[in-house]
There are 2 protein chains.
Amino acid sequence: MTIADPAGAALASLTEARALVARTSTAERVADAVRNEVVEGRLRPGGRLPEQALSHALGVSRNTVREALSQLVAERVLVREPNRGVFVAVPDAEAVRDVYRARLLIEPAAVREGERAGDPEAVGRLRAAVQEGRAAAAHDDWPAVAGANQHFHRALVGLAGSVRLDQQMGLLLAEMRLVFHRMTSVREFHEPYLDGNDTITRLVEAGERERAAGEVASYLRTAEAQILAAFADL
Amino acid sequence: MTIADPAGAALASLTEARALVARTSTAERVADAVRNEVVEGRLRPGGRLPEQALSHALGVSRNTVREALSQLVAERVLVREPNRGVFVAVPDAEAVRDVYRARLLIEPAAVREGERAGDPEAVGRLRAAVQEGRAAAAHDDWPAVAGANQHFHRALVGLAGSVRLDQQMGLLLAEMRLVFHRMTSVREFHEPYLDGNDTITRLVEAGERERAAGEVASYLRTAEAQILAAFADL
DNA sequence: TCTTGCTGGATTGTTGAGCAATCCATACGC
DNA sequence: GCGTATGGATTGCTCAACAATCCAGCAAGA
């Protein structure tokens with residue numbers, strides 16, 4: 001800056017707007033749309049996604065559809081079978097175990113050692129997710145409770161303060177939504193964790209990070225066991 | 001199987017061959033080729049990758065090149081600037097900090113709590129990486145020492161026994177290679193860790209997981225500081 | 001009945017060409 | 001020096017086409 005102008009600060013604040021200026025590409029928007037359909041459950045696990053049908057339905061070229069599908073395959077939301085097509089992923093018990101192995105490492109560690117575990121903003125997101133879940137439960141909106149639960153675990157990893165970890169957690173949680181879509185009784189599954197999340201949040205707020213981490217690990221283990229049990233009789 | 005034939009078992013063993021039958025697609029091979037060029041350092045960070053040039057050089061269509069580039073962008077090996085092109089990523093200090101925040105959570109936790117930390121096969125990979133590094137150092141092959149170092153940290157995460165974590169670690173390490181390519185003096189950086197890796201491996205072999213995890217964290221912190229210092233005078 | 005082989009139709013994998021939008025460097029005018 | 005046109009190059013996306021592959025169904029043969 002050769003000139004000392006007050007516009008300097010104003011311009012700096014605009015850097016956040018870059019993401020908005022740079023419109024998302026068509027392929028990205030297609031990927032978002034398909035991902036939404038999948039995580040919302042409108043496309044069943046195992047369902048097929050023909051390129052031509054998507055191309056026609058979304059009004060974009062088949063090449064663009066392919067680009068979007070490839071991205072979702074990389075995210076494990078879809079699986080590609082060569083020369084056969086792409087399908088909505090059908091997570092099996094081993095996938096559940098693998099996801100929980102990863103979560104059991106990452107989430108308690110984020111609570112125990114996260115650099116932002118003292119940051120009011122990061123902790124506030126925990127509290128916000130808890131309240132979001134409580135509000136949704138009050139309206140008997142159990143899909144929303146499930147969403148709040150995901151926000152809570154995302155906020156837990158957010159305590160680490162690493163965008164790369166956050167991103168990885170996003171993938172793991174997206175996979176978990178596929179798991180839930182294979183299960184019935186969303187309510188029975190998510191309801192017990194409302195109080196658990198509150199307990200964890202209180203411990204974090206009180207700075208009792210070691211105990212909070214222990215609670216997180218404990219809840220993850222029971223959730224995994226519950227899901228695996230549900231998978232067993234299927 | 002309606003018929004009771006001994007071929008049943010034999011056929012079951014063939015399921016492992018599926019991966020070989022399914023040849024990799026052209027786009028995937030292009031992605032592998034470009035990724036190799038980048039991590040080997042033949043394509044400098046910041047370097048540009050015009051689609052047409054790649055298309056011509058590799059003898060594949062520009063559409064296929066685009067598909068490969070998109071995948072590498074998702075892996076953070078390349079970055080896309082809309083309407084300008086894709087470039088080899090240039091990790092900055094903040095990227096280094098973020099990667100180490102993630103590694104400092106994952107790696108010590110994998111050593112401390114990994115389900116396979118007692119598994120001789122998984123631990124053997126640690127030992128193998130140590131010896132690989134020693135052998136490379138004996139030949140003054142410092143790029144190979146760097147490679148062995150990466151194998152070591154990959155083996156550390158392998159103690160967790162989660163393919164999803166392994167995959168994530170692969171992305172983080174690929175990004176680290178880009179970081180190293182911005183630094184000179186590969187030798188001075190990697191040599192001190194030869195002994196450190198040996199120490200960690202001994203502790204893991206002895207079942208002293210807590211101390212091993214502490215060593216891992218300590219080494220990661222010094223490495224991060226060293227890299228950030230090198231970035232500072234640049 | 002069970003297996004094998006074939007055939008037609010559908011979908012994927014990949015190519016090539018083409019066009020609007022955007023960016024960049026250069027030259028121009030003031 | 002500074003803002004503004006201008007032209008070339010590249011990207012983002014589309015469209016059309018074709019070979020390779022897969023699948024369902026059917027016919028022939030053991």
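Helix α5 (62-74) of chain A and α5 (62-74) of chain B each supply at least two residues of the surface near DNA strand C. Helices here are DSSP runs (H or I, at least four residues), numbered from the N terminus. A residue is near the strand if one of its heavy atoms lies within 4 Å of it. The model is predicted: local features need pLDDT of at least 70, side-chain atom pairs count only at pLDDT 80 or more, and totals for chains, interfaces and linings use all residues. Residues are numbered from 1 along each chain as its sequence is written, chains are lettered from A in the order in which they are written, and side-chain values use heavy atoms, with hydrogens and water left out.

The surroundings of DNA strand C comprise 21 residues. R66(A), T26(B), N63(B), T64(B) and R84(B) come nearest. By class, the surface near the strand has three nonpolar, nine polar and nine charged residues. Ala, Val, Leu, Ile, Met, Phe, Trp, Tyr, Cys and Pro count as nonpolar, Asp, Glu, Lys and Arg as charged, and the others, Gly among them, as polar. Sugar or phosphate accounts for 73% of the atoms of DNA strand C within 4 Å of the protein; bases account for the rest.

Individual atom pairs were then examined. A polar side-chain atom of R62(A) lies 2.8 Å from a base oxygen of DNA strand C. In S61(B), a backbone N or O atom lies 3.0 Å from a phosphate oxygen of the strand. The side chain of N83(B) has an N or O atom 3.5 Å from a sugar or linking oxygen of DNA strand C.

The protein chains also meet each other. Their contact (heavy atoms within 4.5 Å) takes 29 residues from chain A and 30 residues from chain B. Together the chains bury about 2,600 Å², 47% of it on carbon and sulfur atoms. Buried area is the accessible area (1.4 Å probe) that two parts lose on being put together, summed over both. R101(A), L105(A) and R164(A) supply 28% of the area that chain A buries against chain B, more than any other three residues.

Nine salt bridges cross the interface of chain A and chain B. Each pairs a side-chain nitrogen of Lys or Arg with a carboxyl oxygen of Asp or Glu within 4 Å. One joins R66(A) to E67(B), with the closest N and O atoms 3.7 Å apart. On the side of chain A that touches chain B, α5, α6 (93-113) and α9 (163-181) of chain A give two or more residues. The largest share, twelve residues, comes from α6(A). This side has 13 nonpolar, six polar and ten charged residues.

Methods:
Polar contact = N/O pair within 3.5 Å; in protein donor to acceptor, adjacent residues only side chain to side chain.
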